[in-house]
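Q: Please take a close look at one helix of this model and at what surrounds it. I would like the packing, the aromatic side chains and the backbone geometry of the neighbouring parts in one connected account.

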Amino acid sequence: MASRIIRKVNAEMDERLGTQSFLKDAFDHIFPDNWSFMLGELAMYCFIILVVTGVYLAMFFDPSDTVVTYKGPYMPMHGVKMPVAYETMIQINLQVRGGILFRQMHHWAALLFLGAIIMHLARLFFTGAFRKPRDLNWTIGATLLLLSMLNGFTGYSLPDDLLSGLGLRIFYTILQSVPVAGNWLSYLVFGGQYPSSQITHRLYIVHVFVIPLLIAGLIGAHLAVIWRQKHTVFPGEGRSERKLVGSQMWPVYTFRSTALFFFTIGLIAILAGTTQINPVWLYGPYEPWSASSFAQPDSYVGWLIGALRLFPKWQLHLFGYTVADVFWPGFVFPMVAVGFLYAYPLIERLWTSDLLLHNVLDRPRDRPGRTGFGVAVIVFFGLLTLAGAEDVLAHFLQTSQTVVMLATRGACIVAPPVAGLFTWKMCKDLSTAPAQPSEPPEGPASSGT
């Protein structure tokens, strides 16, 4: 009975929309078998979890800056004056059924989402998957990374706790440091002098409506381009620029992708249920004259804090304007990094004069220059992220923060080129090494069918 109804509905839909031909093409679509191609799907599944948990949290969160006196059951905050936004965040964590689980799932999913995007972009970079005709998808991926970082920062800042308030203060200072346009930019974002009574409402709208819609649209565009251009393939037997080897969407890849989806949900749920993250009820409401001990940002902006801490205190006086020392590491450096991220496919195309279409990927060892450069960049940003926690490092190493700052500053200058040159030499040796002869089989050879 059920199968007859399904066939009837399917026939009616096909008669009106021609779904059979589309489904046949979709089920026959070939996906590569290499595990690294699943990083993009991991990011997409994290985004789904973010949307679901975010909808649940939005039902209880009130982005109001109105100051109230806390009278809830959490005694350490009893009688403390705080914004409504922070009060509702405490309620979500300690009073709403499942609130702390959903909030921590939301936070862990955001970190895994960004980590998956970064790993995915790294895979594209080291294998040359950004080359023509997929340079458009590289641009979409880079935009997704930037939007995801911005959305992470806006969500991190919504509770109006002491830790997020410090992050907003740093952001306000960076905007103020821009010559000529600094005051205008800060007013445009904050709606007034910091702390503004409008910033939480603006962050809420951007975090809940604007950026998620942009991310969803870009994910759809990213998938559409992949579907049109087909996937790339690693070099190997039977593979060429015109031939893709892999598994069909149905049934192999569908079950594989479904398993990854449930594994992602399970992993994030386990992390949320067993590993505490961002306990805002311990920080207290934001006070301009206070600072949290060992306050550290999330990893995706740690490199920016490290740059602010390591960059020399350069102040310039030009045409009657003072260019603050924060401007160089806080504004110029991120703009240069973002510009280079977008421009790299064009830079390599001009450098190598490579205008061909590429469907077969590079092995990283066969591109020593690109691989060495990529490793140097990863080491550099890793050291900047480490420098963002230099006060914590100084405490655990039982030394002064100045010593840690000088050491990490020197490492940022020396380590990236050393790591890049070492990687370049290793790739050169691997790519020029003669192939090892295969060992003869043991025992008599057998014929296969």
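A: A helix here is a DSSP run of H or I with at least four residues, and helices are numbered from the N terminus. In that numbering, Pro133 sits in the loop that separates helix H5 (99–127) from helix H6 (135–157). The model is a predicted one. The helix chosen for the close look is H13, and the account comes back to Pro133 further on.

H13 covers residues 327–352 and packs against H12, residues 299–310. Their axes are 9 Å apart and make an angle of about 125°. Angles of 65 to 115 degrees count as roughly perpendicular and those over 145 as roughly antiparallel, so H12 is oblique to H13. The crossing of the two helices is right-handed. On the H12 side the contact is made by Trp303, Leu304, Ala307 and Leu308, and on the H13 side by Pro329, Gly330, Phe333 and Pro334. Sorted by type, the residues of this contact are seven nonpolar and one polar, with no charged residue. Since Gly counts as polar, the polar one is Gly330.

H13 also holds a ring pair. Phe327 and Phe331 both belong to this helix and stand four residues apart, about one turn. Their ring centres are 5.6 Å apart and their planes meet at 15°; planes under 30 degrees apart count as stacked, so this pair is stacked. The two residues fall into separate accessibility classes: Phe327 is buried at a relative accessible area of 11%, whereas Phe331 is partly exposed at 27%. The structure holds 31 aromatic pairs.

Further along the sequence, Phe340 and Tyr344 take part in an aromatic cluster whose other members are Phe125, Phe126, Phe130, Trp138 and Phe373. Several of these residues recur around Arg370, which lies in helix H14 (residues 368–387). Leaving aside residues up to four places away in sequence, Arg370 touches the cluster members Phe125, Phe126, Phe130 and Tyr344. Its contacts also include Thr127, Gly128, Arg131, Glu348 and Asp362. Arg370 has a relative accessible area of 6%; under 20% counts as buried, so Arg370 is buried.

The loop from H13 to H14 contains Ser353. Ser353 is not a glycine, yet its phi is positive, about 55°. Its relative accessible area is 61%, and the residue is therefore exposed, the cut-off being over 50%. Gln398 offers a second case: its phi is near 55°, again a positive value in a residue other than glycine. Gln398 is placed in the loop between helix H15 (390–397) and helix H16 (401–432), and at 74% relative accessibility it counts as exposed.

Two cis peptide bonds complete the backbone details. One joins Lys132 to Pro133, with omega at about 15°; this is the Pro133 of the loop between H5 and H6. The other joins Trp250 to Pro251, with omega at about 5°. Pro251, by contrast with the loop residue Pro133, lies within a helix, H10 (residues 249–274).

Terms used: Residues are numbered from 1 along each chain as its sequence is written. This is a predicted model: local features need pLDDT of at least 70, side-chain atom pairs count only at pLDDT 80 or more; totals for chains, interfaces and linings use all residues. Side-chain values use heavy atoms; hydrogens and water are left out. Axes are lines fitted to C-alpha atoms, for helices over the stretch in contact, and angles run from 0 to 180 degrees between N-to-C directions. Angles under 35 degrees count as roughly parallel, over 145 as roughly antiparallel, 65 to 115 as roughly perpendicular and the rest as oblique. A crossing is left-handed if the near helix is turned anticlockwise from the far one by less than a right angle, and right-handed if clockwise. Contact means heavy atoms within 4.5 Å. Buried means under 20% relative accessible area, exposed over 50%, partly exposed in between (1.4 Å probe, protein chains only). Rings of Phe, Tyr and Trp (its six-membered ring) pair if their centres lie within 6.5 Å; planes under 30 degrees apart count as stacked, over 60 as edge-to-face and the rest as tilted.
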